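This briefing covers the pockets of one protein model. Please look over the sequence and the structure before reading on.

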Amino acid sequence: MYRTKPCKKRYIERIMNETNDNEITITLSTQDERLTEHIQTLFSRSELIYQGAIGDNVTRKFWLKDDIVLITDIGENKLITLYRINFDFPKDINKIVINGLKDDIKNLYDSLEREKDNIDKESSENNIHIENYKKQIESLQTQIESIKFDIDELKSKNAKMFQNTQELHKRIDERAYQLF
């Protein structure tokens, strides 16, 4: 994983607590390999806590080791930055807050996974019902077409019978006209 120069600088400032710009520059130039090694060790011992966009529209991965956050790109190719979490409480209270929030995030992810599983299961069942209903509709459409055909046949038969009665009335009228 590529560790950017700003990331190494942040490590010196935020983890090693160096504030002097000259000392930071010297450390960057003389201890690059050691910094890379320390950052890699820190990263390898960290735990992925969150993947998403915080503060902007760029999705990143957020890793946590104790009170240190490491941020990587989504593909984990580049370590972008790192910092210490400080809620301005004593160190032991900070740790309790961090662990509480971390546990909340994990519990919420667990709930999300359970919910996704339920959705997948129910969605599968719903899709089966949908397919069954589509088949029923298809069957009913076939029945409707058949019934429409029967209706048309009966209408045609009625029309022929009416036509026959009309013919008979016409013949009766003709005979009556001849007779009278």
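Which element gives the most to the lining of the second largest pocket? That element is α4, with four residues. The model is predicted, and the points below take its two largest pockets in turn, starting with the one in the question.

**Second largest pocket**
- The volume of the second largest pocket is about 260 Å³.
- Its lining is made up of 14 residues, and I49, L64, V69, I85 and I105 are the closest to the centre.
- At least two lining residues come from each of β2 (47-52), β3 and α4.
- By class, 13 residues of this lining are nonpolar and one is charged, with no polar residue.

**Largest pocket**
- The volume of the largest pocket is about 300 Å³.
- A total of 15 residues line the largest pocket, and those closest to its centre are D66, D67, K91, K95 and I98.
- Two elements, β3 (60-65) and α4 (91-179), give two or more residues each to this lining.
- The element that gives the most to the lining of the largest pocket is α4, with six residues.
- Charged residues number eight in this lining, alongside four nonpolar and three polar ones.

**Elements and classes across the pockets**
- α4 gives the most to the lining of the largest pocket and also gives the most to that of the second largest.
- β3 supplies two or more residues to the lining of the largest pocket and at least two to that of the second largest.
- Eight charged residues line the largest pocket, whereas one charged residue lines the second largest.

Note on methods. Residues are numbered from 1 along each chain as its sequence is written. This is a predicted model: local features need pLDDT of at least 70, side-chain atom pairs count only at pLDDT 80 or more; totals for chains, interfaces and linings use all residues. Side-chain values use heavy atoms; hydrogens and water are left out. On a 1 Å grid over the protein atoms alone, a cavity is a set of points where a 1.4 Å probe fits but cannot get out, and a pocket is an open set with protein on both sides within 12 Å along at least five of seven lines; lining residues have an atom within 4 Å of a point. Grid points are joined across faces, edges and corners, and a volume is the space filled by probe spheres set on the points. Ala, Val, Leu, Ile, Met, Phe, Trp, Tyr, Cys and Pro count as nonpolar, Asp, Glu, Lys and Arg as charged, and the others, Gly among them, as polar.
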